[in-house]
Amino acid sequence: MNITVWNEFRHERNKQAVKDIYPEGIHQVIADFLKEEGRTVQTATLDEAEHGLTDDVLNNTDVLLWWGHVAHEEVSDEIVEKVRQRVLDGMGLIVLHSGHFSKIFKKLMGTSCDLKWREAKDKERLWVVDPAHPIAEGIGEYFELEQEEMYGEHFDIPAPDELIFMSWFTGGEVFRSGVTYKRGNGRIFYFRPGHETHPTYFNENVQRVIQNAVKWAAPVKRERPVYGNAQPIEELRGE
Ligand code: ZN
């Protein structure tokens with residue numbers, strides 16, 4: 001399986017507090033723990049040519065992970081459309097944290113994807129609400145992140161195909177933190193935690209969820225359905 005971890009990679013270069021946690025970027029930490037499972041993992045970032053997402057890279061990616069925050073608007077519409085087509089063709093897409101506002105996620109959802117947020121001292125408790133789901137494998141009834149940014153409902157997304165995690169925050173808010181969708185032949189998982197000023201991607205539960213999600217989102221190898229005018233398969237009878 002070929003995985004590409006895409007990251008905007010701006011905070012890690014511009015903000016010392018973020019650089020201290022992720023000196024080589026969030027993408028590198030995610031790529032490293034995904035590699036441990038013996039997969040082929042590459043990274044791509046916004047400021048590379050074509051954002052690192054050339055046709056060659058996209059056509060050879062089975063699952064794409066996406067982290068973005070301050071520069072969603074700098075992602076070219078042409079690349080976003082190519083990513084969307086690849087998802088419809090079957091590429092898995094895992095959208096992380098503030099990627100809820102990325103062009104690709106909003107385009108695939110068709111809603112504003114807006115939410116409440118707060119950068120304070122909230123603890124986050126993520127409850128597994130779909131214990132049979134493979135993305136929750138190895139996770140207890142819940143797990144906690146001692147400090148995270150708060151995201152609160154209402155989260156303006158379409159009703160998910162599956163709801164796997166519900167978050168509770170110290171401030172009292174709740175949030176649908178792990179949701180799945182299918183678009184065309186492709187599978188999409190949105191996973192909420194991952195604010196850049198907290199070491200969230202070093203958390204073993206977070207890593208386990210992302211590892212599970214990559215497995216779950218792997219493409220089912222088949223052609224897209226044929227649409228449009230169709231010849232009958234059986235001989236038509238009667239007038
Ligand atoms: Zn954030």
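Pro225 sits in the segment after α7. Pro225 is partly exposed, with a relative accessible area of 44%. Its C-alpha atom and that of Glu148 are separated by 42 Å, and the two residues are 77 apart along the chain. The model is predicted. The protein chain averages a pLDDT of 97, and 100% of the residues score at least 70.

**Confidence**

- In the protein chain, confidence is lowest in helix α1, residues 11–14, where the mean is 96.
- Confidence is highest in β11, at 99.

**Zinc site**

- Three protein residues donate to the zinc ion: His97 through NE2, Glu149 through OE and His195 through ND1.
- These donors lie 2.0 to 2.1 Å from the zinc ion.
- Along the chain, the donors follow the spacing H-x51-E-x45-H.
- Glu149 lies in the loop between β7 (142–145) and β8 (150–152), and His195 in the loop between β11 (186–191) and α7 (204–217), so the pair ties together parts that are 46 residues apart in sequence.
- Both Glu149 and His195 are buried.

**Nonpolar cores**

- The largest nonpolar core has 36 residues.
- Leu34, Leu65, Phe165, Phe189, Phe191 and Tyr201 have the most contacts inside this core.
- Helix α7 gives the most to this core, with 7 residues.
- Another core lies apart from it and has 33 residues, among them Leu93, Phe105, Leu108 and Met109.

**Helix α7**

- Helix α7 is largely enclosed by the rest of the structure, because 10 of its 14 residues are buried.
- The buried residues of α7 include Val206, Val209, Ile210, Val214 and Trp216.
- Polar residues are buried in α7 too, among them Gln207, Gln211 and Asn212.
- At 1.5 Å a residue, the 14 residues of α7 should span 20 Å.
- The end C-alpha atoms of α7 are 20 Å apart, which agrees with that span.
- At the start of α7, a side-chain oxygen of Asn203 comes to within 2.8 Å of the backbone nitrogen of Asn205.

**Helix α3**

- Helix α3 covers residues 26–35, and 7 of its 10 residues are buried, so α3 is largely enclosed by the rest of the structure.
- Its buried residues are Ile26, His27, Val29, Ile30, Ala31, Phe33 and Leu34.
- The buried residues of α3 pack against the helices α1 and α7 and against β1, β2 (40–45), β3 (63–67) and β4.
- One of these buried residues, Leu34, is also among those with the most contacts inside the largest nonpolar core.

**Two buried loop residues**

- His100 is found in the loop between β4 (92–96) and α6 (103–109).
- His100 has a relative accessible area of 4%, which is under 20%, so His100 counts as buried.
- Leaving out residues up to four places away in sequence, His100 touches Val95, Phe105, Lys106, Cys113, Leu115, Tyr151, Phe155 and Tyr190.
- One of these, Phe105, belongs to the core of 33 residues.
- Arg10 is placed in the loop between β1 (2–7) and α1.
- Arg10 is buried as well, with a relative accessible area of 16%.
- Leaving out residues up to four places away in sequence, Arg10 touches Leu46, Asp47, Val70, Ala71 and Glu74.

Technical notes
Residues numbered from 1 in each chain as written. Predicted model: local features only at pLDDT ≥ 70, side-chain atom pairs only at ≥ 80, totals over all residues. Heavy atoms only, no water. Donors = N, O, S within 2.8 Å, 3.2 Å for Na, K, Ca; no water. Helix = DSSP H or I, 4+ residues; strand = E, 2+ residues; numbered from the N terminus. Buried < 20%, exposed > 50% of the residue type's maximum accessible area, 1.4 Å probe, protein only. pLDDT = per-residue confidence, 0-100. Core = buried A, V, L, I, M, F, W, Y, C linked by side-chain atoms within 4.5 Å. Contact = heavy atoms within 4.5 Å. Expected span 1.5 Å × (residues − 1). Polar contact = N/O pair within 3.5 Å; in protein donor to acceptor, adjacent residues only side chain to side chain.
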